[in-house]
Amino acid sequence: MSQTTKQMRTSAEWQQKRDQFVSKGVSNGNRSLAVKGEGAVLYDLDGRRFVDFAGAIGTLNVGHSHPKVVEAVKRQTEELIHPGFNVMMYPSYIELAEKLCGLVPGEHDKKAIFLNSGAEAVENAVKIARKYTKRQGVVTFTRGFHGRTNMTMSMTSKVKPYKFGFGPFAPEVYQAPFPYYYQKPAGMSDESYDDFIIQSFHDFFVATVAPETVACVVMEPVQGEGGFIIPSKRFVQHIADFCKKHGIVFVADEIQTGFARTGTYFAIEHFDVVPDLITVSKSLAAGLPLSGVIGKAEMMDAAAPGELGGTYAGSPLGCAAALAVLEIIEHEGLNERSEEIGRIIEERGLEWKKEHAFIGEIRRLGAMAAVEIVKDPETREPDKAKAAAIAAYANDNGLLLLTAGINGNIIRFLTPLVITDEQLKEGLDIIEAGL
Ligand SMILES: Cc1ncc(COP(=O)(O)O)c(C=O)c1O
């Protein structure tokens, strides 16, 4: 505990100071003060223990303060904190680029660049695509989330709280339809619904923007903030084929879905699609601010020296942490564990569904699992208040739990993949009590 933390005695005092000195524009899912993290567990200032089903919004697939990450960062701190890659380069950046180029799908030559935040990675993917295609249009999808900077906010769907009052937005950004099978029109089969959405996607390129003016289509292979919406393989393949046909760069935004969250290194692997570019961040570096764009070498080289980068971009500390993360995923079998965790959550969720009419659907890809809360299973009307009450109960009773979705009615699971079966059960028991 730091000297200042020791001096301040109570959580109540910190909470009061937080309200006095920290902007209210930043929300807090839980008002406790975190002081220690270990694997899938956090402790607060009052010594209370929390099982973590939030993982800093999908940032901690290898858990809090994994010993290998701590060791790698400590070593790096002692050796060299920051020469600035564009002043003097260092091996860990290059080594990480080589490793990620080997991991992302596709047999073509690949290159990478590193940045700080997820939004910055998405911004850079757009810059690269624009430079490469010499076009301006950017297409994203309804319910998509790509960040909070002006460009990525423009690419994001949910108006409140992400966009409301923050315009004007970046021009030449358009949102195309994305499937949501649970909320499809009553009586329609998944297949006809796919036909309908695919047709709407084509109509969009007639009514809204011409494909030959579009630089990139940016898609989350599973929508994260949008509510853990999993598209069909057919839909994703169709979009990728459309991009290829029209010379549009297809970008998979894997910032929330990457690094074993769905049981594979990248969620796009489930769809047998090879994207042109992939954006990564969050669990890449176990909590250190690092992001990246990896993709086709000829696209990544479209920008001239100096056109991409940033002062802290790809810091040695982040790269050292990321190299440790990749080793942990491999050595601890986290892709396989992700599938097991997802199965355990799904089994419990299906039991809840038998008991409670307000549980509309359990869906998942690996451990990227969600429970949709509705007012009535027939109408499927979203119940935001009940989802918020369940999350509030969990947060008051030793479980960090998040909601998601355009209507805020999705309970989402982003637990570290190093969670033990006992901790997982403990967290699920708390939700069950809350239901
Ligand atoms: C899919 C996706 N893209 C981009 C971002 C933005 O990342 P950051 O908050 O690090 O800017 C997020 C963050 O939740 C995300 O889930």
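**Exercise 1. How the two domains sit together**

How far apart do the C-alpha centres of domain 1 and domain 2 lie? Work this out on the predicted model, then describe the contact between the domains.

*Solution.*
- Start with the bounds. The domain assignment gives domain 1 as 3–62 + 333–434, while domain 2 covers 69–331.
- Next, take the C-alpha centres of domain 1 and domain 2: they are 25 Å apart.
- Now collect the residues in contact. Domain 1 contributes 34 residues, and domain 2 contributes 37.
- Finally, turn to area. Size of an interface is often expressed as the accessible area lost when the parts come together. Here, about 3,000 Å² is buried between domain 1 and domain 2, and carbon and sulfur atoms give 56% of that area.

**Exercise 2. Polar links across the interface**

Which side chains meet in a salt bridge, and how many residue pairs are in polar contact across the interface of domain 1 and domain 2?

*Solution.*
- Count the salt bridges between domain 1 and domain 2: there is one.
- Look for the partners of a salt bridge, using a nitrogen-to-oxygen cut-off of 4 Å. The side chains of E225 and R412 pair up at 2.9 Å, N to O.
- Then apply the polar contact rule across the interface, which yields 29 residue pairs, both residues at pLDDT 80 or more.
- Ask which elements line the domain 1 side that touches domain 2. Those giving two or more residues are helix 3 (55–58), helix 12 (334–355), strand 11 (359–365), strand 12 (368–373) and strand 15 (410–413).
- Strand 11 supplies the largest share of that side, with five residues.
- Sort the residues of this domain 1 side by type: 17 are nonpolar, 11 polar and six charged.

**Exercise 3. The overall fold**

Why does the radius of gyration of the protein agree with that of a compact globule?

*Solution.*
- Begin with the elements: the protein has 14 helices and 15 strands.
- Add the extent. Along the principal axes, the C-alpha atoms fill a box of roughly 60 × 60 × 45 Å.
- Now compare. A compact globule of 435 residues would have a radius of gyration near 22 Å; the protein has 21 Å, so the two agree.

**Exercise 4. Unusual backbone geometry**

Where are P161, P168 and F228 found, and what does the backbone do there?

*Solution.*
- Recall the background: most peptide bonds are trans, and most residues other than glycine have a negative phi.
- K160 and P161 are joined by a cis peptide bond with omega about 10 degrees. P161 is in the loop between helix 7 (150–155) and strand 6 (173–176).
- The bond from G167 to P168 is also cis, omega being near 5 degrees. P168 lies in the loop between helix 7 and strand 6.
- F228, although not a glycine, has a positive phi of about 55 degrees. Its place is the loop between strand 7 (214–219) and helix 9 (233–246).

How values were computed:
Residues numbered from 1 in each chain as written. Predicted model: local features only at pLDDT ≥ 70, side-chain atom pairs only at ≥ 80, totals over all residues. Heavy atoms only, no water. Domains from an automatic or database assignment. Contact = heavy atoms within 4.5 Å. Buried area = accessible area lost by both parts, 1.4 Å probe. Polar contact = N/O pair within 3.5 Å; in protein donor to acceptor, adjacent residues only side chain to side chain. Helix = DSSP H or I, 4+ residues; strand = E, 2+ residues; numbered from the N terminus. Nonpolar A, V, L, I, M, F, W, Y, C, P; charged D, E, K, R; others polar. Rg over C-alpha atoms; globule rule 2.2 N^0.38 Å.
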